[in-house]
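Me: Please pick one part of the structure shown below and take me through it closely. After that, I would like to see how the rest connects to it.

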Amino acid sequence: MEKVLVLMHTVEGALPPAALETLGLAQALGAAFDGAVVGAGAGAAAQSVSGGAAQVFAVEGDAFAQSRYATDAAACQALIQASGAQVVLAPGTMRFARALPGVAARLNGAVETHVVGLDESLNVRRWYYRQRMEATLARTARPWIIVVEPGSQPAAAAQAGAAAQTVAVSVETRTEVTGVVSPPADQQTIRPDAPLLLVAGAGWTKKQKDGATHTDEGGNLILNFVQRTQSSLGSSKSLVDLSGEGQAVLPFLTHLHQVGQTGSTPRHRKGLATCCHGEEPHVVGWRFISERRAVNLDAACGWARGKADVLYVADAFEVMRELEKLL
Ligand SMILES: Cc1cc2nc3c(=O)[nH]c(=O)nc-3n(C[C@H](O)[C@H](O)[C@H](O)COP(=O)(O)OP(=O)(O)OC[C@H]3O[C@@H](n4cnc5c(N)ncnc54)[C@H](O)[C@@H]3O)c2cc1C
């Protein structure tokens with residue numbers, strides 16, 4: 001089998017879980033492999049996982065500490081050339097998703113994204129059409145950069161070994177990174193690593209049994225639950241569309257929260273859907289939620305038709321109020 005390069009980057013000086021998952025995939029192949037790391041503390045990070053690797057390389061320094069296309073692409077190109085490996089495995093992080101297709105073009109090679117499996121004959125399995133279809137394919141183009149979907153592989157146990165060889169890269173940049181702007185932690189409601197996903201549907205905005213809407217109370221119940229349990233918040237398309245149209249709904253929801261065919265496909269151990277009907281275009285986004293429960297007034301809703309493990313036929317306002325007391 002061809003030699004493989006596992007190309008990784010650091011996040012705040014350490015390797016992120018997605019890097020260790022990519023390393024796990026390389027180890028499972030049983031092929032000879034090199035390791036390479038770019039970013040702050042790349043040398044130490046590369047050495048921390050170099051056990052079992054033929055050679056390890058690192059690009060570090062102030063210019064490479066930040067994610068930026070020009071410097072990341074130059075560093076990755078240099079690392080691939082230093083190794084000489086023609087098959088490159090890399091984690092599908094935001095940083096690499098941006099830089100690696102360009103690197104493949106610079107090296108006259110090919111890139112594969114959203115890869116969820118690879119065998120010894122270098123057949124990759126990847127998704128198409130929002131994870132609804134999976135294809136198996138191979139390529140003769142080299143170098144071939146295979147970008148591995150985070151969360152799709154078991155992580156390797158880090159094993160330290162030889163020190164990394166430092167690769168010098170000089171690159172001129174016109175882009176200066178001045179900082180990162182992100183919402184305060186208590187306003188951040190999308191938490192990919194949380195064990196539980198809470199999904200809110202349009203039912204929260206509908207007239208309830210007293211003939212009135214209680215959207216504000218619904219919003220408080222949802223936010224309190226999410227903050228107390230540190231779960232991740234998702235939404236149905238109907239609910240985020242209502243917010244986008246300027247109606248008085250749940251102001252903390254954006255299209256980034258939308259789960260489903262035209263939204264996201266998050267990975268969580270458990271999911272709880274509230275006031276959401278459980279229609280196929282929504283539930284297809286639950287493909288990687290292992291245990292599914294739903295609360296709906298309607299015993300004939302989509303969840304009841306084999307889409308949830310447990311359906312509570314109940315008023316979600318009452319259920320969430322009780323949950324709040326328990327919490
Ligand atoms: C091409 C295409 C792509 C799509 N992509 C997506 C997608 O990515 N994601 C997505 O979500 N949808 C998607 N949809 C839309 C999808 O088909 C549904 O229209 C949508 O998911 C419905 O949202 P909902 O369940 O929140 O709202 P509704 O269908 O309005 O359901 C509200 C539910 O709340 C329940 N309810 C009301 N009050 C209470 C209460 N007090 N307690 C408990 N339950 C209550 C009601 O019984 C009802 O079942 C797509 C559709 C198409 C055609």
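Reply: Happy to; what follows starts with a single strand and then works outward.

A word on the ground rules before we start. This is a predicted model, in which local features need pLDDT of at least 70, side-chain atom pairs count only at pLDDT 80 or more, and totals for chains, interfaces and linings use all residues. Residues are numbered from 1 along each chain as its sequence is written. Helices (H or I, at least four residues) and strands (E, at least two) are DSSP runs, numbered from the N terminus.

The part I would choose is strand S2, residues 33-38. Six of its six residues are buried, so S2 is largely enclosed by the rest of the structure. Buried here means that 20 or more other C-beta atoms lie within 10 Å of a residue's own, exposed means 12 or fewer, and partly exposed is in between, with C-beta atoms placed from the backbone. In a regular strand the side chains alternate between the two faces of the sheet. In S2, Phe 33, Gly 35 and Val 37 point one way, while Asp 34, Ala 36 and Val 38 point the other way. The residues on both sides are all buried.

Now for the neighbours of S2. Two strands count as paired if DSSP finds at least two bridges between them. Strand S1 (residues 4-9) runs parallel to S2 and is joined to it by six bridges. One of these contacts sets His 9 against its bridge partner in S2, Val 38. Between S1 and S2 the chain passes through helix H1 (residues 17-29), and this β-α-β crossover is right-handed. That label applies if, with the strands pointing away from the viewer, the path from the first strand over the helix to the second runs clockwise.

S2 also runs parallel to strand S3 (residues 56-59), and four bridges join them. Here Val 37 of S2 stands opposite Ala 58 in S3. The connection again makes a right-handed β-α-β unit, formed by S2, helix H2 (residues 42-48) and S3.

Stepping back, S2 belongs to an open sheet of nine strands in the order S7-S6-S5-S8-S4-S1-S2-S3-S9, with mixed pairing. Strand S7 (133-137) and strand S9 (165-166) stand at the edges, each with a single partner strand, so one side of each is left without a neighbour in the sheet. Following the order from S2 through S1, we reach strand S4 (residues 87-91), which pairs with S1 in the parallel sense over three bridges. Val 4 has Val 87 as its bridge partner in S4.

Two backbone details in the loops are worth a look as well. A cis peptide bond, with omega about -5°, joins Arg 142 and Pro 143, and Pro 143 lies in the loop between S7 and strand S8 (144-148). Asn 108 has a positive phi of about 60° although it is not a glycine. Asn 108 sits in the loop between helix H5 (94-106) and strand S5 (110-118), and it is exposed, with 9 other C-beta atoms within 10 Å.

The protein is divided into domain 1 (4-166) and domain 2 (185-326), with bounds that come from an automatic or database domain assignment. The C-alpha centres of the two domains lie 35 Å apart.

For comparison with the sheet that holds S2, there is also an open sheet of five strands, in the order S11-S10-S12-S13-S14 and with parallel pairing. Its edge strands, S11 and strand S14 (310-313), each pair on one side only. Strand S10 (residues 196-200) is joined to strand S12 (residues 268-274) by five bridges, and they run parallel; Val 199 stands opposite Ala 273 in S12. S10 and S11 also run parallel, with four bridges between them, and Leu 198 has Leu 233 as its bridge partner in S11. S10, H6 and S11 make a right-handed β-α-β unit. In S11, Ser 232 and Gly 234 point one way and Leu 233 and Ser 235 the other way, and all are buried.

Just before S11, Gln 230 is found in the loop between helix H6 (215-229) and strand S11 (232-235). Its phi is near 55°, a positive value in a residue other than glycine, and Gln 230 is partly exposed, with 13 other C-beta atoms within 10 Å.
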